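Take a look at the protein below. Some questions about its spaces, surface and charges follow.

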Amino acid sequence: MLRADLHIHTEYSLDCDMPLERIIARCIEVGINCIAVADHGTVEGAVRMQAIAPFPVIIAEEILTPHGEIMGMFLREGIPTRIGLEEAVSRIKAQGGLVCLPHPFDTFRGLRLDSERLEKLAQQVDVVEVFNARSRFSRPVTKAKLFAEKYGIPATAGSDAHTLGEIGSTYIQMPEFNGRDGFLQALRKGKIHGRRSTPLVHLASTWARVKKLF
């Protein structure tokens, strides 16, 4: 069985300074043996991680759109940030990737869509992140679970780690898989184990961003 943390950032994200080698060491230390690297606006770190990690690495990316972030998983190439939501979905699908909604109802980071557009989007969504360790409140978690159940979409979860201590705070215990279709099947059999991170982790992200900007 895998213990998969399906939302991790690396030093390739503007608001994170975790080197790839230290992420691998931390995963091994806490028993995480599958990860999705979902940096902001780039897949470079995920590609490099997949080449050196001793466990499965899913190449993913968080893509900022005018209506909030979406995530592409099982990508082969990066997708530009700050493009339209429909275009981001189209580009993910065009390369055989999976469309994931990360923290879709988060109070501060959720999607900004009315019910009609959200329902339309649901028809193209492959995965919904129903637990994100950086989300502070329980109501968005409940809404994400209900959304996934309503449309029969597999549920995922992740630490959204930007610091080493966050890795593995949330994970899914799931069967091993082969490729994107096998991943979806395994995900439906998975069990989520999660706990929220302290709000102080956001200070670390802010500090990492400041260091890189200045």
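A pocket is an open set of grid points with protein on both sides within 12 Å along at least five of seven lines, and its lining residues have an atom within 4 Å of a point. The model shown here is predicted.

Q: Which helix gives the largest share of the lining of the largest pocket?
A: E3 (57–65), E4 and H7 each supply at least two lining residues of the largest pocket. The largest share is four residues. That share comes from H7.

Q: How much space lies in the largest pocket, in Å³?
A: The largest pocket is lined by 27 residues. Asp15, His40, Glu69, Arg109 and Arg209 lie nearest its centre. The space in this pocket is about 630 Å³.

Q: How many residues of the lining of the largest pocket are nonpolar?
A: Sort the lining by class. There are 11 polar residues and 11 charged ones. The nonpolar residues number five.

Q: What is the volume of the largest cavity?
A: A cavity is a set of points where a 1.4 Å probe fits but cannot get out. A search of the whole structure finds one cavity of 30 Å³ or more. The largest cavity has a volume of about 70 Å³.

Q: Which strand gives the most to the lining of the largest cavity?
A: The lining includes Glu129, Val130, Phe131 and Asn132, as well as Pro140, Val141 and Ala144. Strand E6 (127–132) and helix H5 (138–151) each supply at least two residues. With four residues, the one that gives the most is E6.

Q: How many charged residues are in the lining of the largest cavity?
A: Seven residues of this lining are nonpolar. Three are polar. The charged residues number two.

Q: Is Asp106 buried or exposed?
A: Asp106 is one of the residues that line the largest cavity. Its relative accessibility is 9%. Buried means under 20%. Therefore Asp106 counts as buried.

Q: Which residue meets Asp106 in a salt bridge at 3.4 Å, N to O?
A: The partner is partly exposed, with a relative accessible area of 22%. It is also one of the five residues nearest the centre of the largest pocket. The residue is Arg109.

Q: Which residue is linked with Asp106 and Arg109 in a network of salt bridges?
A: Look in the loop between strand E7 (155–158) and strand E8 (170–174). The residue there is buried, with a relative accessible area of 1%. It has a positive phi of about 55° although it is not a glycine. The residue is Asp160.

Q: What is the phi of Arg82?
A: Most residues other than glycine have a negative phi. Arg82 is in the loop between strand E4 (68–73) and helix H3 (85–94), and at 66% relative accessibility it counts as exposed. Arg82 is not a glycine, although its phi is positive, about 60°.

Q: What separates Glu29 and Arg26 in helix H1?
A: Glu29 forms a salt bridge with Arg26, with the closest N and O atoms 3.3 Å apart. Both lie in helix H1 (residues 20–30). Because they are three residues apart there, the separation is about one helical turn.

Q: Which residue does Arg48 meet in a salt bridge?
A: Both partners lie in helix H2, four residues apart. Arg48 is partly exposed at 46% relative accessibility. The partner is partly exposed too, with a relative accessible area of 40%. At 3.5 Å, N to O, Arg48 meets Glu44.

Q: How many salt bridges does a search of the whole structure find?
A: One of them joins Glu29 and Arg26. Another joins Asp106 and Arg109. The search of the whole structure finds nine.

Q: How far apart in space are Val43 and Glu62, C-alpha to C-alpha?
A: Val43 is in the loop between strand E2 (34–40) and helix H2 (44–52). Val43 is buried, with a relative accessible area of 8%. Glu62 is 19 residues away in sequence. In space, the two are apart by 9.1 Å.

Q: What accessible area do the residues of the nonpolar surface patch have together?
A: The patch is formed by Leu14, Trp207, Val210, Leu213 and Phe214. Val210 lies in helix H7 (residues 201–213), and at 33% relative accessibility it counts as partly exposed. Together the five have about 580 Å².

Technical notes. Residues numbered from 1 in each chain as written. Predicted model: local features only at pLDDT ≥ 70, side-chain atom pairs only at ≥ 80, totals over all residues. Heavy atoms only, no water. Points joined across faces, edges and corners; volume = space filled by probe spheres on them. Nonpolar A, V, L, I, M, F, W, Y, C, P; charged D, E, K, R; others polar. Patch = residues over 30% accessible without salt bridge, like charges linked within 9 Å, V, L, I, M, F, W, Y side chains within 5 Å. Areas by Shrake-Rupley, 256 points an atom, 1.4 Å probe, with all protein chains shown as cover. Salt bridge = Lys/Arg side-chain N within 4 Å of Asp/Glu carboxyl O. Buried < 20%, exposed > 50% of the residue type's maximum accessible area, 1.4 Å probe, protein only.
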